[in-house]
Amino acid sequence: MVAAIALGCGVAPILALVVAFVAYLSLAIAGQTFLSFQWDILLLEAGFLAVFISPTRWFPRRGRAQPISGVGLFMMKLLLFKLLLMSGVVKLTSGDGSWWLLTALDYHYWTQPLPTVVAWFADKNPEWLKHWSVAATIGAEIFAPFFFWTPRRLRFAAALLLIALQCAIALTGNYCFFNLLAVALCLFLIDDSWWPKHAGTPVAADAGRGSAFLRRIAALALLVTLPLNACLVYTAFQPDAQIPNALAYLYSRLEPFRIVNGYGLFRVMTKERAEIVIEGSDDKITWQPYEFRWKPGDIQRAPPWTGLHQPRLDWQIWFAALGVRRQEIWFHGLTAALLRNEPDVTQLLAVNPFGKRAPRYVRSLLYDYRFSTAPERAQTGAWWKREVRGEFMAPTALLPE
């Protein structure tokens, strides 16, 4: 936090970036599955590259701005190119027919981890509009990145298109700081000529002045990472492709630092929404549900907005309901914490039906959730409808000490 404040004030920006990068990397490694999302690694990769476009002076100066290194600017644009192109291509190479048939948005609005209230209304759009939106999204992600390297007007148009796409995603889904970060990367496509009256004297983005040492380090970083990035993009087109041994070894050495990453947002579309509802009881007869702050539970509650905050536990519950993380120890740890009524865990919930005492038993049920229709919403006021599927975890109690 101190490093971020210093960076925002322009104080020792390079040092602040390095400290912020190391601190967030330590959180990502320690947080394991809870901080392994694509925007976490995107933040780290962007934070690493930001060092090479940062002002070299220790304190901000009024007046003339310091130009951005041409190599650093190229690396930022390359990161955005890789993020978008890979995200678009993997949709078509994943084997999920919903992308080819343009039906992905028939499911996405209500099956995504944390939809917003706008998603409920978007789900009511006619099918032709949803199908057109899928085609537009894939087209923007695959073709717009190639305009990053074109003359100014085409580059600006690509930037505005992608910013509009990120705004649409942010309106219908809670993806914490991802959309804001993607928009920030798009701003590197727009030079000072876009707003000369507000930016003072225009500065050429690729003037290349500044610290000669920093430019050499940036050139070295580009030399090392460029072939790795090329291989990662290639694997989006050929998922079974083998990376050459030398590059695979280099990638294995750099991967722990999260500075060269592959991306693939929404590779496979989830077509059902399984939701875990955790309940507690004192007698195995009367069960009371725990209500989470953000994930769907009470069908009468509108899908909430999380802003830039990502509720990590609520997200992991969504993954657990898919069955891919059922055996992970964290879910058993969550159950044990509820049986002990541990405040560090119960404060993450919106409703703890047992207050300050612990229940004797905890179980988890699996439900099928789906957005209610407009007539159902008008009649009952419910935003969701659900049907029980079965047990996710049988009634569990703590062993006697």
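At 12% relative accessibility, Ala12 counts as buried; here buried means under 20% relative accessible area, exposed means over 50%, and partly exposed sits in between (1.4 Å probe, protein chains only). Keep in mind that this is a predicted model, where local features need pLDDT of at least 70 and side-chain atom pairs count only at pLDDT 80 or more, while totals for chains, interfaces and linings use all residues. Residues are numbered from 1 along each chain as its sequence is written, and side-chain values use heavy atoms, leaving out hydrogens and water.

**Two loop residues with positive phi**

Back to Ala12: you'll find it in the loop between α1 (2–8) and α2 (13–31). Helices (H or I, at least four residues) and strands (E, at least two) are DSSP runs, numbered from the N terminus. Phi of Ala12 is near 45 degrees, a positive value in a residue other than glycine. Cys176 also has a phi near 45 degrees, and Cys176 isn't glycine either. Look for Cys176 in the loop between α9 (152–172) and α10 (178–186). Cys176 counts as buried because its relative accessibility is 6%.

**A nonpolar patch on the surface**

Val11, Leu15, Val19, Trp58 and Phe59 make a nonpolar surface patch of about 500 Å². Patches are made of residues with over 30% relative accessible area and no salt bridge; like charges are joined within 9 Å, and nonpolar side chains (Val, Leu, Ile, Met, Phe, Trp, Tyr) within 5 Å. The accessible areas come from the Shrake-Rupley method with a 1.4 Å probe, and for residues only the protein chains shown count as cover. One of the patch members, Phe59, lies in the loop between α3 (38–50) and α4 (70–93). Phe59 counts as exposed because its relative accessibility is 56%.

**The sheet and its helices**

Now for the strands. An open sheet of four strands runs in the order β2-β1-β5-β6, with antiparallel pairing. Its edge strands are β2 (288–289) and β6 (384–396), each pairing on one side only. Two strands pair if DSSP finds at least two bridges between them. Strand β5 (residues 361–371) is joined to β6 by nine bridges, and the two run antiparallel. Within that pairing, Asp368 has Glu387 in β6 as its bridge partner.

Two helices pack on this sheet. Helix α14 (residues 312–321) touches β1 (274–281), β5 and β6, and its direction makes about 110 degrees with that of β1. Helix α15 (residues 329–340) touches β1, β5 and β6 as well, and its direction makes about 80 degrees with that of β6. Contact means heavy atoms within 4.5 Å. Axes are lines fitted to C-alpha atoms, for helices over the stretch in contact, and angles run from 0 to 180 degrees between N-to-C directions.

β5 has another partner too: eight bridges join β1 to β5, again antiparallel. Ser281 stands opposite Tyr361 in β5. β5 is mostly covered, with nine of its eleven residues buried.

**Salt bridges**

The structure holds 16 salt bridges. A salt bridge is a side-chain nitrogen of Lys or Arg within 4 Å of a carboxyl oxygen of Asp or Glu. Here are some of them, with the N to O distance for each pair.

| Pair | N to O distance |
|---|---|
| Arg312 and Asp40 | 2.7 Å |
| Asp123 and Lys130 | 3.6 Å |
| Arg389 and Glu272 | 3.6 Å |

The pair Arg312 and Asp40 links distant parts of the chain: Arg312 is in helix α14 and Asp40 in helix α3, 272 residues apart. Both Arg312 and Asp40 are buried.

Asp123 and Lys130 are part of a bit more: together with Lys124, they are linked in a network of salt bridges. Asp123 counts as buried because its relative accessibility is 12%, and Lys130 is buried with a relative accessible area of 8%.

What about Arg389 and Glu272? This pair also links distant parts of the chain, with Arg389 in strand β6 and Glu272 in the loop between α13 (245–254) and β1, 117 residues apart. Arg389 counts as partly exposed because its relative accessibility is 40%. Glu272 is exposed, with a relative accessible area of 52%.
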